Structures are given as C-alpha cells and as structure tokens.
Amino acid sequence: MSRLNDISVLRWLMRNPIWGFVLLIFVFFSLSADNFFDYRNFQNILVQTSTIGIIALGMTLVMINGNIDLSVGATLALAAAFAVDVQSWAAFATWGNWQILPAVCIALLVGILMGAINGFIVWKTGVDAFIVTLGAMLGIRGLVFVYTGESSFFATNFAYSDFSALSLGPLPVLAVIFLLCVMVVHWLLSRTVHGRNTYAVGGNREAAVNAGIRVGPHMILNFMIIGFLAALSGVLLSTQMGAATPNLGRDYELWVITAVVLGGTKLTGGKGDIIGTFGGVLAIGIMRNGMNLMQVPAFYVLVIIGAILIAVLFLDKRFNTSNDGGLRL
Amino acid sequence: MTKTMKILLASCATIALASAAAADTVRIGITQNNVGIDSYQTTYERAFIEAAEANPDVEVIVLDAGGDVARQISQMQDLIQQRVDAIIIWPTDGQALVPAVRNAHREGIPVVVTNSNIADAGMDFIAAFSGPNNIQQGIYSAEMMCDALGGEGQIVQITGMPGYTTAIERQKGFDDRLAELCPGVTQLDIQPGDWNRERAQRTMETFLTRFDQIDGVYAGDDNMGVGALNAAIAAGRAEGMVFIGATNFAVGYDAMARGEYWGSVYQSPVDDARAALQTALDVLAGEDVPKLNYFDTPKITQENMDQFDRPVF
Amino acid sequence: MSSTQEAALRLQGIVKTFPGVRALDGVDFEVMPGEVHALLGENGAGKSTLMKVLAGMYQPDEGQIIIAGQPVRMTTPIEAKAQGVVLIHQELSLVPEMSAAENIYLGELPVKSFGRVDWKTLEERSNAILKRLKCSFRAEMTVARLSIANQQMVEIARALTVEARVVIFDEPTASLTDAEKVVLFDIINDLKARGVGIIYISHRMDEIFTLSDRITVLRDGAYRGTLITADTTEDDVTRLMIGRSLDLSRDEEPPSFGKTMLEVRNLTCPGLFEDVSFTVRTGEVVGFYGLVGAGRTEIAETLFGLRKAASGEILVDGEAVDIVSPRAAIAMGISLVPENRKEQGLVLQMNCRDNMTLPQIQDLTAGPFVSHGAELAIFDQYRDRLAIKTPSWRQSAGVLSGGNQQKIVIGKWLSMQPRVLIVDEPTRGIDVGSKSEIHQLLRELAAQGYAVIVISSEMPEVLRVSDRIVAMYHGRIMREFEIADVTEDTLVQAISGIKSEKTP
Amino acid sequence: MTRLKAGGPAIAKQGILVAFIVFMIVFSLMSDRFLSADNMMSVFRQSAIIGVMALGVTIVVIGGNLDLSVGSMLSFATVLVVDLHDKIGPELAIPVMVLATLCLGAVNGFLIGVLRLNSLIVTLGMLSVIQGLVLIYSGGQNVDIADQRGTWFAIFGRGAVFGIATPIIIFGALALLFHVIMSMTAFGRRVYAVGGNPTASVFSGIPRSQVVFTTYLISALCVAIAAIILGSRVMGSQNTVGQGYELQVLAAVILGGTSLLGGAGSILKTVLGVLMLAFIQNGLILMGQPYYTQWLVTWVVIIVAVWLDVAAKRGRLFSPIA
C-alpha cells in the first residue's frame with residue numbers, strides 16, 4: 001500500500017473514530033474470547049444487532065433533522081403484536097402461508113402511522129420532539145397493552161418463525177435485510193434530495209425554510225421512516241420469537257440513541273451519517289457478544305458499556321470538535 | 001466471615017483435585033431471566049454456580065438476559081455457537097423463546113427449561129422442564145385464602161410485572177380456583193405491583209382509600225405482599241386483614257412469625273437451581289427423564305412455619 | 001429612468017399587521033430595471049417586514065405587488081424566486097455541513113429519477129456562478145470550511161441561480177472586509193448593467209451614497225418619501241429617517257486626561273496578536289481600528305480574562321495583574337461590552353433588570369437573598385441615564401430593539417463602576433438614531449473620567465469617539481494616531497499594512 | 001381563529017394549571033372518593049419520592065442540562081442506606097449514603113459542568129454504570145431492615161407530625177426551600193442565566209462550570225433524600241427499585257412547563273406537574289380503569305399541557321412553520 005493510502009485510511013479513521021474502536025474490540029475479542037473469531041459468530045452478531053441497527057438507521061435521520069424519537073421501543077412492540085396477531089384473523093384463514101403477508105403489511109403500516117402521528121404533532125404544535133415522543137413512548141406502550149390485553153401473542157404457523165432461520169447464500173436472511181436497509185438509508189441520506197434536505201433542516205432550519213423547503217412535511221416523512229423501520233425491526237424480531245410480547249422493546253430507545261451517538265451523530269442536528277451509525281451499532285453488538293462469550297458477569301457489562309459511552313463522548317470532544325479559538329468559556 | 005473463607009478454600013481445593021481427576025467434563029450454558037431484579041433470582045444463580053462447582057464434571061457458562069427477550073435469543077445463539085452440551089433456560093417469555101429453543105433442538109443441543117415453563121408449542125423441542133408449578137401455586141394461595149376467610153369476604157389482588165409468564169400463571173391459578181372453591185369471596189380489583197415492594201405499597205394505599213372493606217389481599221410474591229401489609233399497617237387497617245403471598249421471602253417469613261401475615265407458598269431457589277442442574281445432567285447421561293419435573297412447593301402458614309427454615313433471601 | 005418605462009417591481013399600498021402592531025401601513029415602493037434603490041429606516045421601521053413580503057415569506061393584508069406590469073401573489077420564497085425576486089439575507093442562512101453547491105441550490109436541487117440529486121449538473125452550474133462572482137474556491141467545498149466572506153459569496157451566488165428581475169441585498173457588507181466589499185460592489189454594478197433592479201438595505205451611509213440611484217425612507221411602518229441620491233445630503237436622509245436633525249459635531253470641552261489606568265506591554269498570543277503595547281488614561285477614549293480578524297477583539301478578550309496570553313504584561317493602575325477569568329477581570333475593574341450582544345451580551349429570555357445586574361448579583365444581597373430594592377435602584381438609575389426605552393423592567397431583553405439591547409449591556413457594565421471600560425463594536429446593527437446616542441454616551445463617559453477602549457470597524461465611528469486611535473493589521477499595532485493628526489488616508493494605509501513613517 | 005390574543009387572558013399562559021383544574025373536576029365527578037381527605041393525603045404521600053427527585057432535576061434542567069441517572073442513583077442510595085442501617089446504624093448510614101450519592105452527583109457534575117460533555121449522553125451512560133454498581137455492591141440480593149418496628153429510621157417514611165405524614169412535610173419544605181433559592185438568591189439567578197445563555201453568562205463573570213456542577217450536586221442530594229423516604233417507607237430495597245423513575249421525574253418536570261432548552265421553569269409548577277401525574281394514576285385506579293390507561297392519558301396530557309404553554313408563548317395555537 002502506498003504511503004498516500006495509509007494517510008487517507010488514517011484520516012478516514014480520524015473522522016470516523018468509531019470504526020477504529022470497532023477494529024480495536026474486534027481484535028481484542030478475537031484474541032481473548034475462544035469462539036469469537038468464527039464465521040458463524042459473525043453471522044450471529046449481524047443478526048443480533050439487526051434489531052437495534054435497523055431502528056438506529058431511522059434515528060440517524062431523525063437526529064440529523066434535530067429531532068429525537070423516544071417512542072421506537074413501543075412502536076416496535078405494537079408492530080410485532082400486529083404482525084403476529086393479524087395472521088390469525090379469520091379473514092385470512094384460508095390464505096395458508098400467505099396470511100403472513102397482510103399481517104406484515106399491516107404491522108408496517110401501523111409503524112408508519114405512529115411515526116406520522118409523532119411527526120404531525122411535532123410539526124403542528126411546535127413542541128420539542130423529545131417531549132412529544134416521551135409522551136408517545138408511554139402512550140404507544142399503553143396501546144400495546146390495550147391491544148394485547150397484557151398477554152403474549154404467538155404465531156401458530158411455524159413458517160413465520162422459520163423465516164428468520166433462512167439463509168440467502170452465505171448470510172442469514174435477517175442479516176441480509178439489515179445490510180440492505182443500511183445501504184438503502186445510506187443512499188437515501190447521501191444521494192437523494194430528501195436526504196440532503198435532512199441535513200439542511202437540521203443544520204440551519206431557518207435557511208431551509210427560507211429556501212422553500214417545507215420543513216413540516218419533511219420532518220413528518222422522517223418520522224414515518226423511523227416508524228417504518230421500528231416496525232420492520234419489530235416484525236423481524238417477532239419472526240425470531242414466533243411471538244410478540246407486550247414488554248418487547250423496553251429501553252431500546254436508549255440503546256438506539258447510544259449507538260447513533262457513538263456513530264458520531266450530533267444531538268443538535270445537522271451532522272452525522274449512516275457509516276458512523278453502522279459502526280456504532282456494530283460496536284455495541286460486538287461488545288455484547290464478546291462479553292457474553294467471555295462470560296463477563298451481567299453486572300459488570302452495565303458498568304463497562306456505560307463507561308465506554310462516556311469515554312467515546314469524551315474522546316470525540318477532545319479530537320473532533322472544531323476549535324473554539326481558545327476562548328475560555 | 002472466616003467460615004465462608006474456609007468453605008471457599010475447601011471448595012477450591014476440591015475443584016482443583018477433581019478437575020485433575022476428571023477426564024471429560026460437560027459444558028452447560030444457562031441463560032437466566034433477570035438476575036438482580038429480586039433476591040430469588042440472585043440466590044438461584046448463586047446456588048446454581050455452587051452446585052456446578054461442587055460437581056467436578058461440570059463446567060457452566062452463566063448468562064443473564066436482563067429481562068429482555070431479544071437479548072435472551074441472542075444469548076441462545078451465542079450458546080449454540082459455543083457448542084455447549086446442554087442449555088438451561090429461564091425464559092423471559094414462554095411464547096417468544098419457542099423458535100430459539102427449536103433452533104437449539106435442531107442443532108442437537110438438549111434444552112432444559114427452568115422455573116417458568118415454555119409455551120405448549122415449544123414442548124416438543126425441550127428435553128425437560130424443571131421448576132415450580134406456578135399454576136398450582138396460584139391454586140394453593142386460593143385455597144389458603146378461602147380457608148382464612150371462611151368462604152366469605154372481599155379481596156384485592158396485586159400481580160407481578162404485567163406480561164410475564166410467572167405473573168400470568170399465578171393469577172390464572174388463583175382466579176380459577178377461587179371462583180370454583182369459594183364463590184362467596186369476591187375480588188374487588190386486580191392491579192400490578194411489578195414485583196416491587198414500593199409499587200405494591202402504593203397500589204395497596206389506593207385500594208385502601210377506594211374500598212372501605214377489604215378482608216384479604218393476594219400478592220404475586222411475598223415481596224409485594226409485605227408492601228401491601230406495610231400500607232395496611234400505616235392506614236391502621238391491618239387488623240383482621242388476611243395477607244397471602246407466594247414465593248416465601250425472608251420478610252414474609254418474619255411477618256408470618258409476628259402473626260401479621262397469613263400464609264404463602266414455600267419455594268426455595270436453591271432447590272430450584274439444583275433441580276435444574278440435575279435434570280440437565282440426567283438428560284445428558286441419557287436417562288429417561290419425564291417432561292415435567294415439578295419440585296415441591298408446599299403451602300406455608302403461621303401454623304406450620306416451624307417446619308421450614310427461614311428463607312435466605 | 002423615464003416614467004414611461006415599466007418598473008421591475010412595484011408595491012402599492014402594502015399593509016401588514018401583526019397582533020398589536022401595524023408593521024406596514026400603506027407602503028408604496030418601486031424599483032426600475034437597472035436601478036439601485038436604497039431602502040432606509042431605523043430598526044423597527046418595517047424594512048424587514050417589507051422584505052419578507054417581497055420574498056414571499058409573509059402575505060400582505062392589503063395592497064398589491066406588481067412585477068413587470070402584472071399583479072402577482074407569492075406565497076413561498078420559491079414562488080417569489082420563480083417571479084425573479086431574490087432576497088439575500090442579512091444573517092448568513094447557510095447549512096454548514098453541506099457543500100457550497102448544495103447551499104446555492106438549497107430547496108431546488110436538480111433531481112434525477114428516484115429523487116436522486118443530479119450532482120453533475122449541480123456542480124457545473126454552481127461552479128459557473130462562483131466563477132462569475134470571481135470566487136477562488138470550488139463549489140464542492142463544505143461551507144463550514146469557508147471563510148465568512150466566502151460564505152457571504154455563497155449567499156450572493158444563490159441570487160444568481162435564476163434570471164433575477166429584482167435582487168434584494170439586506171445589509172450585505174456587515175461581515176465583509178473592504179477588499180471584499182469592492183468585489184461585492186462590482187457584482188452589484190454588473191447586475192445593474194444587465195438591467196436587474198436592486199434593492200439595497202444598509203445602515204452605512206457611505207455605501208448608500210456610493211451605490212444607489214434613489215433612496216426611499218420608511219419610518220414607523222409608513223412611507224416617508226423618496227429622494228434622488230445625487231441631489232441629496234446625508235443630513236436630509238437622516239432627518240427623514242428619525243424626524244429630526246442629527247448633531248454629528250464634537251463640540252465638547254477639550255478633554256483632560258488623568259493618570260494611566262491601563263498599560264499593556266508586549267502582550268502576545270501566538271496566531272492572534274503579537275507584541276502589543278499601549279496605554280489608556282482616565283478620561284480618554286482609545287479607538288482600536290482595523291479589519292475584521294486584525295486581532296482587536298482577541299486583545300479585548302485577553303484583557304477580560306477569556307484568553308490566556310503567552311507572554312507580556314498587563315498593568316492596571318500601575319499594578320501588574322494576572323487576569324485568569326472574567327471574574328478576576330471584573331474584580332480588577334475591567335468591563336467588556338462584547339461584540340455580539342445576542343450571543344455574548346444578554347440572556348435573551350431574562351428580563352431587563354436581571355440582565356443588567358447579572359455580574360454583581362452576588363453583591364446585591366441582603367442576608368441570603370437578593371435585594372429587590374437594590375436591583376431596581378440600579379436598573380432605574382441606568383434606564384434613566386441611558387434613556388433605555390422599555391415599558392417595564394419585567395420585559396424580557398429579547399424583545400427590545402437592538403439599540404436598547406445594547407444600552408442594557410452598556411448599563412450592565414457601567415453599573416459595575418469600572419476603571420477600564422472596553423466596548424467592542426458598540427453600534428453594530430444599530431440604527432442611526434441610537435448610534436448617535438451611543439457615540440454621545442461614550443464621549444460623556446470619557447468626560448466623567450472613565451478610561452475607555454472602543455473597538456470598531458467603522459471609520460466614522462472611531463473618528464468620532466476617539467481621542468487616540470490605534471491602527472491594527474494582522475495582529476500587530478501598525479501605528480498610533482492622536483485624533484488631531486489623523487487623516488482618512490493614513491488610517492486606511494495603516495490598517496492595510498502599508499508601512500509609513502512612524503509617529504513621533 | 002387560531003391566534004391567541006396578545007397578552008390575552010393570563011389563564012391561557014398557565015397550561016398546566018388549566019389542565020390540573022380540569023382534571024381535578026373530572027375526577028371528582030367520576031369518583032366520590034377522589035376528593036376525600038384520606039385520598040388526598042395518600043396521593044401527596046405517594047408523590048413525595050418522585051416529587052423530591054423532580055425538584056432537583058428541575059434545577060438541572062433550568063441550568064440547561066438533563067439528568068437521566070436519577071433512577072439508578074435512587075436504587076443505589078436506597079440499597080446503600082438500607083444495607084448500612086443494620087450494619088452501622090441509621091445515624092451513620094444516612095451520612096455515609098448521602099456522601100456516596102453526592103460523589104455520584106459530583107461525577108455527573110464534573111463530566112458535564114467541567115468537561116462540558118453532553119448531559120443526555122453522560123447521564124444515560126451513568127444510568128447504566130450506577131445500576132451496575134448497585135448490583136455489584138449488593139450481589140443482586142434484596143436488602144432489608146431487620147427491626148422494622150424499633151428503628152427511629154421509620155420516622156422519614158412512616159412517621160407523621162400533627163397528623164401530616166413526614167414525606168409530605170419533607171417534600172413541601174424542600175419545594176419551598178428550592179423555590180426560595182431559585183427565585184430569590186444569587187445562585188438561583190445564576191442557574192437561570194447559565195441555562196438561558198451560557199456564553200453570555202461567562203461574559204458576565206459567572207463561573208459557569210461551578211454553577212452546573214452545583215446543580216448536579218443538588219440533584220444528587222434530592223435523590224439521597226428521596227432514598228431516605230423510600231428506604232424508611234419500605235424498610236427494604238430491591239436493586240432495581242428506581243428503574244424507570246428517571247422518565248416519570250422528567251415527565252413531571254416537563255409537565256410543569258420547564259423548558260428543556262434551559263433558562264426557564266419554576267419549582268412550584270414542577271410540584272404541580274408531580275401532583276398531576278400522581279392524581280392521574282390515582283384517579284384512574286379509583287375509577288377502576290386498568291393500569292395502562294394512565295399511560296394513554298399521560299401521553300395526551302403531556303402533549304396538550306406543553307402545547308398550551310408553547311402556544312401561549314408564541315401567541316398562536318399552531319406552529320407557523322410550513
């Protein structure tokens with residue numbers, strides 16, 4: 001490799017420090033955990049991270065927009081409940097395995113609807129997205145309990161849970177869907193007008209308004225995308241379980257935000273990308289997997305992950321913030 | 001302190017000697033529900049590890065799902081990945097773990113379910129279940145309640161964390177048996193206490209303002225039962241009120257000794273853990289193990305409590 | 001500009017009301033093709049509202065907008081742009097993380113199938129526009145990495161994406177250096193030559209008289225008259241704007257200076273300023289003049305404990321001091337009225353009184369509590385002394401006009417009884433009337449024995465308020481002038497880095 | 001139409017107060033027990049723990065930051081004080097626990113106030129770290145006080161003075177104290193200034209780091225006091241007892257109209273927010289509704305109350321953004 005290339009790789013890592021971290025823990029666990037460096041384990045990691053990862057893609061959009069969505073865990077549970085329950089509706093009783101199709105479609109639509117409601121409220125009331133979605137986090141969870149009546153649903157059709165065990169070529173189908181989502185959302189964010197406008201709205205909302213971007217509908221669209229992705233994640237998770245439980249997805253919003261922030265997206269908006277988020281998601285996935293394999297006691301895992309989150313934030317502040325000119329503020 | 005140290009040293013020595021002697025050990029992975037949420041699960045974990053350490057032929061991998069279904073599924077994958085000889089699972093949800101258990105089954109790894117059972121759909125894929133019979137426990141509590149009230153009265157129920165199997169099963173056993181046995185006892189309301197003493201206390205306080213006459217309280221475990229008792233004492237209405245719980249905790253045992261608490265169901269996490277490990281070992285040894293292995297969880301009341309040791313948790 | 005020619009844009013009887021305010025009250029205005037028409041008025045006179053009506057951001061309640069003879073309705077900035085009306089904002093409205101090209105075409109990025117951005121077209125077109133503006137950077141550059149002046153150029157480039165009939169410049173020179181101003185004026189003249197009508201809004205009289213053909217003045221939301229620039233004097237315009245004549249002369253008693261209150265010796269902060277030495281006496285105003293980035297603000301920040309100097313000495317009242325924080329600076333009697341009043345000077349949602357007493361709140365206590373009476377006494381005193389117009393001390397500072405906000409900040413620091421008062425850009429973005437009041441005030445302060453430093457980028461301002469002028473260039477002091485010796489030429493030379501004979 | 005009159009009815013600016021009154025009327029019509037003295041006392045007593053924590057978090061939020069770590073910090077403090085009660089006695093257990101909790105607050109304060117790291121992420125990380133510390137400390141076991149009847153520690157959670165339960169007195173006294181601090185002292189003014197505009201505060205000579213640091217110490221102190229009430233009330237503790245409290249606390253603060261942007265908010269309105277949440281919970285149970293209806297109602301109430309607040313400030317009901 002030429003020297004120039006070395007330098008550009010280094011510079012790339014400097015701009016995406018999370019990938020340096022991913023590399024570091026990858027090497028660490030490969031050396032210290034017995035079953036870590038193994039093709040099947042890598043498949044596992046991808047499948048395990050897909051749940052949080054798919055939502056994190058949507059969260060990246062919403063956070064670049066300068067908003068946040070705390071209701072994703074509840075939306076995931078609601079979509080999973082629909083995906084499993086609709087299969088058993090009498091209307092589709094004669095559909096055979098095709099009964100899965102309307103179930104999944106309805107679940108995804110429910111996710112989109114929840115996102116649209118959040119987005120609409122944020123737009124029309126002008127209330128901070130943090131507050132709106134904090135309320136929705138409680139409220140949508142309430143809807144889940146109303147709908148499920150506190151109990152779990154399960155799919156009578158094993159074809160549903162067999163789906164998650166399928167492989168497409170060398171990769172499990174869940175991993176393929178996750179990687180596909182990564183690519184599509186990356187393309188959306190970096191190549192399309194909507195994606196570029198996402199940066200504009202988050203980076204300088206006034207400028208976006210002045211430039212004639214319809215900020216309200218734009219934000220609704222992003223909330224619908226994250227609603228869709230949370231629902232998709234819920235559907236995929238429910239295929240792994242062949243069931244849906246009302247408590248599904250609790251605290252996921254915190255993990256998703258952690259992953260996105262590790263990936264370099266700023267809470268203030270206007271900055272971030274999918275490559276970073278993907279790295280953040282992998283970092284959490286590899287750490288959890290590796291610590292499981294190394295049998296780190298669960299109590300210590302909490303301390304380690306929390307401390308790493310703070311440490312990454314600290315390092316990012318040290319190396320990656322623009323110079324404030326040495327002013328002592 | 002010194003005594004524990006000695007035991008520790010002794011057990012270390014035994015292990016060292018034993019492992020030198022052992023030709024091939026079996027590796028058993030366990031993924032637990034939510035250690036740390038209450039003492040039962042913690043004591044279970046400790047007892048499990050102790051039991052495993054006492055056996056030179058066993059090496060265990062101990063994982064905790066933190067109450068999260070998805071994390072438990074990944075832990076199942078990780079255990080399959082490590083090619084353990086058997087998996088013991090304490091399901092966070094009876095339904096949702098069926099496919100994960102099925103996967104292990106397909107990979108030829110026997111699965112033993114512990115403490116709370118997997119849903120019916122999964123029964124074909126497990127080697128055995130070992131644990132208490134939660135529905136039976138609900139039934140016991142209903143019978144005790146009936147006894148205590150003489151078949152007449154108004155009661156309230158405080159359940160565990162909504163949506164969790166143990167909570168649902170105990171409630172079902174209790175509700176069905178009570179209706180059958182004592183039609184004269186009416187349930188005024190059912191609200192959750194989330195396995196949390198303080199929340200149960202709050203729920204009970206609201207019940208107390210809402211209902212002028214409460215004759216009995218059934219709580220999904222003693223931790224919540226004692227919370228309800230606290231509330232009633234604070235309101236000066238504990239006198240003559242019947243408190244019945246499940247999973248006898250030390251605080252419940254003590255309250256029973258003071259005569260404030262009527263009865264509970266005695267369930268030892270140590271027995272639970274040992275039974276699970278033994279079932280797994282039996283399965284691995286190729287013995288003919290029955291599908292359902294319930295260990296005994298007897299009623300414990302003020303009358304017969306001297307037959308039981310004070311719970312350690 | 002014959003009357004037979006069709007106006008590029010004409011407004012007739014525009015009325016716009018907001019809750020409780022009649023922001024525009026029947027305004028008439030027109031701009032001909034190839035004309036630069038300056039729009040003047042004090043802050044709050046209705047200029048911004050008028051511009052927003054023109055740019056499609058507000059709908060007028062009454063009146064008509066006529067473009068090239070056709071009455072039009074514009075409900076969004078995009079529609080206005082499609083009609084050929086383009087507004088260049090006063091405050092930079094760029095998205096820092098996007099490229100210059102994306103910013104230039106923000107809101108109307110060229111699209112291919114599937115909503116994809118057509119990068120090739122985008123960059124070709126953007127680079128063509130930047131070339132026309134004689135910009136040296138490429139359109140692919142991220143805006144965050146451009147200098148302020150180049151960012152301003154991107155803002156201007158936005159106006160050129162369509163065949164504009166009318167371009168509105170709202171205070172375009174606020175952050176430009178003189179050299180960059182020259183480029184901007186070239187562009188304006190170029191647009192003018194192509195028959196574009198220009199509406200030019202500025203507080204700077206010299207620019208208006210250099211550029212414009214006609215001047216229209218607004219006051220209190222109403223039209224006050226239109227003047228032909230060539231036949232008008234600054235005084236006429238000012239009288240029209242504020243309804244009275246401004247006194248610009250310095251007819252005070254000859255100043256008497258006291259002891260040296262502040263002395264700075266060889267102060268250095270690498271990369272920002274080097275080897276800076278000067279003195280300020282009581283009763284004296286020392287003006288620091290230079291281009292943006294010459295290091296003036298940084299010196300002030302160092303004196304106020306916000307920066308650490310690498311070497312050098314600071315003496316207050318003859319005593320060498322080490323200023324480690326603003327608190328230390330305040331304790332030594334140094335006060336700084338900062339450059340950016342909204343970001344550095346005020347807590348906007350806090351009320352006027354609390355803003356004013358903020359630095360000394362710890363000392364205004366009776367027992368553990370803040371003394372309401374003591375606070376109000378200070379507020380009343382400085383409201384009267386500085387003629388701050390606010391209905392009540394409870395008013396939050398954010399809703400006041402720029403001039404009154406600036407007076408609150410000045411009051412805040414005067415109430416500390418400072419030994420040295422540093423004022424950075426005292427009148428930036430402030431209308432003519434308040435500007436003159438603040439100049440008057442600075443002179444009075446000197447007369448009362450304060451040692452004052454005024455930092456300004458406006459030559460008339462330094463000439464008007466200073467007793468001595470320190471000219472800076474690239475972090476160094478080039479020359480010091482006594483006010484009696486200074487000429488505009490020598491001053492311009494000094495701040496442009498042109499060497500001349502040292503002052504004796 | 002959708003525009004509120006400028007400076008119009010003062011009541012329109014008190015979104016939370018309006019919502020509160022409406023709710024009290026609706027609930028008292030639906031359940032005759034709702035307004036009974038017993039029920040009121042019981043709701044006040046129940047809200048004391050969340051209330052005391054909400055007071056501290058309000059100050060943090062006015063200072064322009066968030067604190068999500070209070071939930072696991074409550075677990076930490078309660079487990080510690082209950083565990084130490086039997087080991088070293090309550091007279092030592094309380095000061096040791098308060099000191100330890102203040103140390104956690106100091107870590108928050110240092111990371112956020114001095115190193116200027118983002119408060120949402122830091123306290124999110126601390127939420128996890130502290131929960132881990134609790135579990136490591138206790139080994140996952142519940143802790144209990146053996147002699148529940150004999151200890152004077154019972155006074156904090158179970159005692160009463162002149163017939164008023166101690167938790168209510170503590171909550172009320174702290175609310176008053178903090179209200180006075182925030183509205184009448186120099187420190188309070190500085191918190192508002194730092195939250196409203198940190199840069200301008202530094203330019204006014206306010207020691208920004210120190211102010212933010214102190215707000216986190218106060219928050220930790222409130223958690224410690226809440227833990228004393230909780231430990232004394234329950235006479236025992238689970239390791240996850242505070243799980244989820246951070247969001248309830250934040251919901252109460254938001255409901256009280258404190259802006260998440262900092263620089264604005266009021267202690268007394270937070271009290272109103274706390275009571276409102278408690279009354280919703282209590283009222284719905286009294287009406288015999290399943291527990292999850294309170295989540296749905298809370299959803300609507302939070303959004304409507306904050307919306308009214310925001311609408312009153314901007315002078316129109318709907319946001320003007322296109």
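**Entry 1: chains A and B.** I began with the place where chain B meets chain A, in what is a predicted model, and found that the contact takes 27 residues from chain B and 29 residues from chain A. I then looked up which elements of chain B give two or more residues to this side, and they are strand 2 (58–64), helix 3 (69–81) and helix 4 (98–106). Helix 3 of chain B gives the most, with eight residues. Sorting the chain B side by residue type, I noted 14 nonpolar residues, 10 polar ones and three charged ones.

**Entry 2: other pairs of chains.** Which chains share the most contacts? Among the five pairs of chains in contact, I found that chains A and D come out ahead. Chain B and chain C, by contrast, do not touch, and I noted 35 Å between their nearest C-alpha atoms.

**Entry 3: the domains of chain B.** I turned next to the domain assignment of chain B, which gives domain 1 as 2–131 + 269–295 and domain 2 as 134–266. Their C-alpha centres lie 31 Å apart in chain B, and the contact between them takes seven residues from domain 1 and six residues from domain 2. On the domain 1 side of that contact I listed three nonpolar, two polar and two charged residues.

**Entry 4: chain D as a whole.** In chain D I looked up the secondary structure and found 13 helices and four strands. Along the principal axes, the C-alpha atoms of chain D fill a box of roughly 65 × 55 × 35 Å. I wanted to know how the radius of gyration compares with that of a compact globule: for 322 residues a value near 20 Å would be expected, and chain D has 20 Å, which agrees. Buried residues make up 64% of the 322 residues in chain D. Of the contacts in chain D with a separation of 6 or more, 79% are between residues 24 or more positions apart.

**Entry 5: helix 7 of chain D.** Last, I checked helix 7 of chain D, residues 166–184, against the rise of 1.5 Å a residue: its 19 residues should span 27 Å, and because the end C-alpha atoms are 26 Å apart, I recorded that the two agree. Which residues of helix 7 of chain D are buried? I listed Thr166(D), Pro167(D), Ile168(D), Ile170(D), Phe171(D), Leu174(D), Ala175(D), Phe178(D) and Met182(D). Beside that list I wrote a reminder that an α-helix has 3.6 residues a turn, so residues three or four places apart point the same way.

Technical notes: Residues numbered from 1 in each chain as written. Chains lettered and ligands numbered in written order. Predicted model: local features only at pLDDT ≥ 70, side-chain atom pairs only at ≥ 80, totals over all residues. Domains from an automatic or database assignment. Contact = placed C-beta atoms within 7 Å. Nonpolar A, V, L, I, M, F, W, Y, C, P; charged D, E, K, R; others polar. Rg over C-alpha atoms; globule rule 2.2 N^0.38 Å. Buried ≥ 20, exposed ≤ 12 C-beta atoms within 10 Å, placed from the backbone. Expected span 1.5 Å × (residues − 1).
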